[in-house]
Amino acid sequence: MSVLPLVFTSGWASGINAYALVLLLGVFGATGVSDEIPAALQRPEVLAVAGVLFLCEAVADKIPYVDTAWDSVHTLVRPVVGAWVGALLAGHSGSLSDVVGGLVGGSTALAGHTVKAGTRMAVNTSPEPFSNLIVSMAEDLGVAGIVTFAMFHPLPAAIVAGALLLAGLVVLFLLVSRIRRFLRRRAQRREERRLGREELGPAARPGRPPD
């Protein structure tokens with residue numbers, strides 16, 4: 001069970017930024033910072049893909065509404081990455097079943113993703129764009145700091161990650177009404193655009209000249 005705190009922390013980090021997690025763990029393993037990192041995470045192609053996707057997320061995550069679309073796409077990706085990393089860590093250590101590691105990593109990643117995606121919806125209700133930038137940078141720095149901390153102090157890092165996850169769930173619960181208003185407005189805008197296209201008729205279709 002000695003690897004369980006690291007699995008939990010990795011799951012939380014995956015829910016916030018899965019590509020940053022894979023990139024950090026791979027670099028820590030490749031540079032010899034930790035011998036707990038499986039070889040699969042240190043492969044050059046894995047690091048390259050994680051690095052490119054991390055840069056894409058770093059941009060998308062800071063743009064209002066684009067961040068919510070990105071989160072929607074990653075509803076499945078982040079838990080899967082969390083489960084994959086958790087299973088690798090558990091199997092590499094031999095102290096925890098890889099199935100249990102996958103379940104812990106995946107479920108924690110799903111909870112972390114829920115907090116992140118819900119919080120971003122609430123942030124997008126604000127008319128100014130700077131809150132997205134601030135929240136995104138805080139998430140990136142938080143993942144980097146806690147994953148690095150976990151390399152040297154796994155249990156305290158897991159406690160911090162658990163506290164952040166719990167606090168995020170509480171905040172998300174308090175923001176539910178605000179998020180519902182955001183979703184209603186977005187659905188209303190889509191309906192208005194659809195009705196507008198229908199009113200324009202054939203003239204609105206690309207390549208079709210008006211009668």
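In this predicted model, a nonpolar patch on the surface is formed by Leu166, Val170, Phe173 and Leu174, which together offer about 470 Å² of accessible area. One member of the patch, leucine 166, has its place in helix 7. With a relative accessible area of 56%, leucine 166 is exposed, since the cut-off for that class is over 50%.

Helix 7 also takes part in a pocket, to which the description now turns. The largest pocket of the model has a volume of about 360 Å³. It is lined by 17 residues, and those closest to its centre are Trp12, Ile16, Val115, Glu139 and Leu164. Two or more lining residues come from each of helix 1 (4-30), helix 5 (98-123), helix 6 (130-152) and helix 7 (154-174). Helix 6 is the greatest contributor, giving six residues to the lining. By character, the lining of this pocket comprises 11 nonpolar, four polar and two charged residues.

Glutamate 139 leads from the pocket to the salt bridges. Nine salt bridges are found in a search of the whole structure. In one of them, the side chain of glutamate 139 meets that of lysine 116, with an N to O distance of 2.6 Å. Because glutamate 139 belongs to helix 6 and lysine 116 to helix 5, this pair ties together parts that lie 23 residues apart in sequence. Glutamate 139 and lysine 116 are both buried.

A second buried pair is found between aspartate 61 and arginine 120, whose side chains meet in a salt bridge at 3.2 Å, N to O. This pair links distant parts of the chain, 59 residues apart: aspartate 61 sits in the loop between helix 2 (44-60) and helix 3 (66-73), and arginine 120 in helix 5. Aspartate 61 counts as buried because its relative accessibility is 0%, and arginine 120 is likewise buried, at 0% relative accessibility. These two pairs also belong to a wider arrangement, as Asp61, Asp67, Lys116, Arg120 and Glu139 are linked in a network of salt bridges.

The loop between helix 2 and helix 3 provides a partner for helix 6 as well. Here lysine 62 forms a salt bridge with aspartate 140, and their closest N and O atoms are 3.3 Å apart. Since lysine 62 lies in that loop and aspartate 140 in helix 6, the pair ties together parts that are 78 residues apart in sequence. Lysine 62 is partly exposed, with a relative accessible area of 22%, as the buried class requires a value under 20%.

Note on methods
Residues are numbered from 1 along each chain as its sequence is written. This is a predicted model: local features need pLDDT of at least 70, side-chain atom pairs count only at pLDDT 80 or more; totals for chains, interfaces and linings use all residues. Side-chain values use heavy atoms; hydrogens and water are left out. On a 1 Å grid over the protein atoms alone, a cavity is a set of points where a 1.4 Å probe fits but cannot get out, and a pocket is an open set with protein on both sides within 12 Å along at least five of seven lines; lining residues have an atom within 4 Å of a point. Grid points are joined across faces, edges and corners, and a volume is the space filled by probe spheres set on the points. Helices (H or I, at least four residues) and strands (E, at least two) are DSSP runs, numbered from the N terminus. Ala, Val, Leu, Ile, Met, Phe, Trp, Tyr, Cys and Pro count as nonpolar, Asp, Glu, Lys and Arg as charged, and the others, Gly among them, as polar. Patches are made of residues with over 30% relative accessible area and no salt bridge: like charges are joined within 9 Å, nonpolar side chains (Val, Leu, Ile, Met, Phe, Trp, Tyr) within 5 Å. Accessible areas come from the Shrake-Rupley method with a 1.4 Å probe; for residues, only the protein chains shown count as cover. A salt bridge is a side-chain nitrogen of Lys or Arg within 4 Å of a carboxyl oxygen of Asp or Glu. Buried means under 20% relative accessible area, exposed over 50%, partly exposed in between (1.4 Å probe, protein chains only).
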